[in-house]
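User: I would like to learn how to read strand pairing, helix packing and pocket linings in a model. Could you take me through them one at a time?

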Amino acid sequence: MFPEYDVIVVGAGHAGCEAAAAAANLGSKVLLITMNMQTIAQMSCNPAMGGIAKGQIVREIDAIGGYSGIVTDRSMVQFRMLNRSKGPAMWSPRAQSDRMLFSATWREKLEQIPNIDFYQDMVHALLTKDRRVCGVITGLGNQIKAKAVVITSGTFLNGVIHIGEKKIGGGRMAEKAAVGITEQLVELGFESNRLKTGTPPRIDGRSLDYSKMEEQKGDEDIVGFSFLKIPKPKKQLSCWITYTSQKVHDILKTGFDRSPMFTGRIEGTGPRYCPSIEDKINRFAERERHQLFIEPEGWNTVEIYVNGFSTSLPEETQYEALRNIVGFENFRAFRPGYAIEYDYFPPTQLKHSLETKLIANLFFAGQINGTTGYEEAACQGLMAGINAHQKIRELDPFILKRSEAYIGVLIDDLISKGTEEPYRMFTSRAEFRTLLRQDNADLRLTELSYRLGLAPQERMEKTMIKAAEVEKIKSILREVSIDPAESANYLTDQNSAVLVQKQKAIQLLLRPDIDLNSMSRSIPKLAQQLSAFSDSSKEQAEIQIKYETYITKEKELVQKMGQLENLTIPETFDYDRISSLSAEALQKFKRIKPRTLGQASRISGVNPSDIQILMVYMGR
């Protein structure tokens with residue numbers, strides 16, 4: 001009934017969609033298996049993509065040739081560039097999406113890829129032989145052969161939903177859990193554990209009084225995520241801000257004795273940086289209020305997402321508390337908030353390619369690795385799909401360094417340090433964040449992907465044009481001299497000191513209160529020479545000029561640290577013969593099997609002295 005596939009992708013969430021698309025676009029024959037064809041790329045939690053550091057990841061996915069950025073741009077209802085008041089290393093794009101349009105657009109993109117077949121069924125076991133995966137067994141009893149399998153199971157592995165004292169098996173509200181895979185993997189020698197995440201109630205927007213809330217509009221200038229030219233919406237929907245109060249907190253506390261979090265019914269660890277409302281008022285008892293973002297779910301629906309009110313308290317407690325929030329006095333609920341507990345596999349059991357160490361050609365991506373967030377899942381899916389294709393063709397794995405991408409930081413963190421709580425990306429996790437900006441993801445990554453065969457010619461040409469334009473703009477700014485007379489009005493308007501003699505344009509741009517766009521518009525000599533260049537090229541040139549010192553220092557640091565990254569540790573290295581290693585380092589080196597000395601140095605619990613000892617022995 002089924003042919004043998006190159007790659008089977010299990011699960012069609014954000015990770016599964018990117019994995020299937022990447023492997024198929026590289027030339028593999030792919031089968032995407034999902035429990036429900038109607039929920040492909042479902043936004044299970046908030047209807048948004050991007051945010052702090054997450055926006056950088058989406059732009060990296062796009063630069064490599066993934067689809068998350070394109071789909072987001074086609075389905076956005078609001079766009080904001082966060083952290084504009086800070087330096088460009090902190091700028092992070094974020095978009096509210098139309099939930100239904102997002103999912104429909106993803107499915108449309110996947111169905112346009114000839115190499116992808118679809119099948120609706122549950123996978124409950126893997127076919128393995130001689131420690132190598134060779135296919136899957138589905139709930140309907142079908143054995144489907146494949147050279148590689150990518151598991152992107154999200155929150156479905158033995159998923160349990162909690163609402164107060166109610167406990168329901170499921171991977172998402174109204175969708176059943178996936179069983180069988182965890183038990184088989186544990187039998188094969190894998191370690192598994194439990195994590196927890198949650199989601200807030202969904203509200204009928206017609207029942208809210210927005211006049212009592214603060215309006216949050218989108219940016220006038222929509223930058224978007226994709227480096228391709230995707231049409232942007234001509235109008236945007238507003239979000240709204242309101243707050244909890246001490247009264248709301250007191251009401252919520254009345255449900256604590258029936259909360260699965262506080263009664264011990266939930267064993268899994270929840271996300272530290274996106275806690276439930278009951279966790280927030282318990283941990284931050286001194287806070288009299290917490291901010292809530294009221295987010296629309298799409299163009300053609302009245303459904304509202306209450307960002308900041310994730311909860312698993314009893315329904316009646318949730319609703320009584322909500323009724324006391326400003327603007328919610330007469331609210332109507334579509335469904336309550338809930339927590340979900342699910343299995344994951346500590347990611348130290350993976351290689352940098354996201355292939356498991358125990359079973360060849362088996363890859364994990366997304367929440368199965370302990371991450372939280374669509375963006376973190378999508379980038380892992382992209383990398384797992386690429387590397388599944390590479391592995392079955394005996395090609396080198398595609399691995400991004402920490403100095404090349406946030407994706408590289410995320411994967412290295414996971415497999416070197418592991419995680420015991422849902423992992424979320426932040427700019428602070430990246431030691432080279434000045435280099436890893438959202439604006440230059442194409443310049444960093446598109447050529448690497450093009451050489452791999454994933455990024456198409458169109459992307460490569462756009463990147464080359466941008467790189468050439470940036471250099472030309474910088475050259476013009478170095479050469480053009482600005483007269484005091486022609487710049488006096490502009491500098492006065494900018495509250496900047498007027499010139500007393502001619503000055504090169506590049507020197508003028510270095511002033512903190514001057515930006516290239518306004519300067520090129522207001523000084524005729526520059527306006528004439530720079531009018532032909534794109535806004536993105538001008539912005540890139542300006543950032544490179546203004547932050548040249550910081551960029552240069554970071555590049556020097558990358559080179560220094562690269563010495564450790566280039567020292568490869570053989571897979572067969574015998575750590576037991578190094579008697580002077582600390583017991584903890586010995587244990588973790590043997591378990592994680594670091595690929596390089598750089599990775600070894602980042603393993604939690606490993607001391608600099610352990611690395612020095614390892615270097616001495618490798619030198620021998």
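Analyst: Let us begin with pairing: two strands count as paired if DSSP finds at least two bridges between them. In this predicted model, strand 10 (residues 160-163) and strand 19 (residues 338-344) meet that condition, since they pair in the antiparallel sense over three bridges.

User: Which residue of strand 19 is the bridge partner of Ile-161?

Analyst: The partner of Ile-161 in strand 19 is Ile-340.

User: In what order do the strands of that open sheet run, and which are the edge strands?

Analyst: An edge strand is one that pairs on one side only, and here that description fits strand 11 (166-169) and strand 12 (193-199). The open sheet has four strands in the order 11-10-19-12, with antiparallel pairing, and its twist averages 25° from one strand to the next.

User: What is the order of the open sheet of three strands?

Analyst: The order in that open sheet is 3-5-4, and its pairing is antiparallel. Its edge strands are strand 3 (48-50) and strand 4 (76-82), while neighbouring strands are turned by 15° against each other on average, with direction ignored. Strand 3 and strand 5 (residues 92-97) pair over three bridges in the antiparallel sense, and Gly-50 has Arg-94 of strand 5 as its bridge partner.

User: At what angle do helix 6 and helix 8 pack, and how should I read that value?

Analyst: The cut-off to keep in mind is that angles over 145 degrees count as roughly antiparallel. Helix 6 (residues 246-253) and helix 8 (residues 315-322) pack at an angle of about 170°, and their axes are 9 Å apart; helix 6 is therefore roughly antiparallel to helix 8. The contact is made by Val-248, Ile-251 and Leu-252 on the side of helix 6, and by Thr-317, Glu-320 and Ala-321 on the side of helix 8. Sorted by class, this contact of helix 6 with helix 8 has four nonpolar residues, one polar and one charged.

User: What volume does the second largest pocket have, and which residues are closest to its centre?

Analyst: For a pocket, one may read the volume before turning to the lining. The second largest pocket has a volume of about 1,300 Å³, and of the 41 residues that line this pocket, the closest to its centre are Asp-221, Val-223, Asp-535, Ser-536 and Glu-539.

User: Which helix gives the most to that lining, and what classes of residue does the lining have?

Analyst: Helix 17 gives the most, with nine residues. Helix 12 (457-479), helix 15 (516-522) and helix 17 (535-546) each supply at least two residues of the lining. By class, the lining of the second largest pocket has 18 charged, 15 nonpolar and eight polar residues.

How values were computed. Residues numbered from 1 in each chain as written. Predicted model: local features only at pLDDT ≥ 70, side-chain atom pairs only at ≥ 80, totals over all residues. Heavy atoms only, no water. 1 Å grid on protein atoms, 1.4 Å probe; cavity = no way out; pocket = protein on both sides within 12 Å on 5 of 7 lines; lining within 4 Å. Points joined across faces, edges and corners; volume = space filled by probe spheres on them. Nonpolar A, V, L, I, M, F, W, Y, C, P; charged D, E, K, R; others polar. Axes fitted to C-alpha atoms, helices over the stretch in contact; angles between N-to-C directions. Parallel < 35°, antiparallel > 145°, perpendicular 65-115°, else oblique. Contact = heavy atoms within 4.5 Å.
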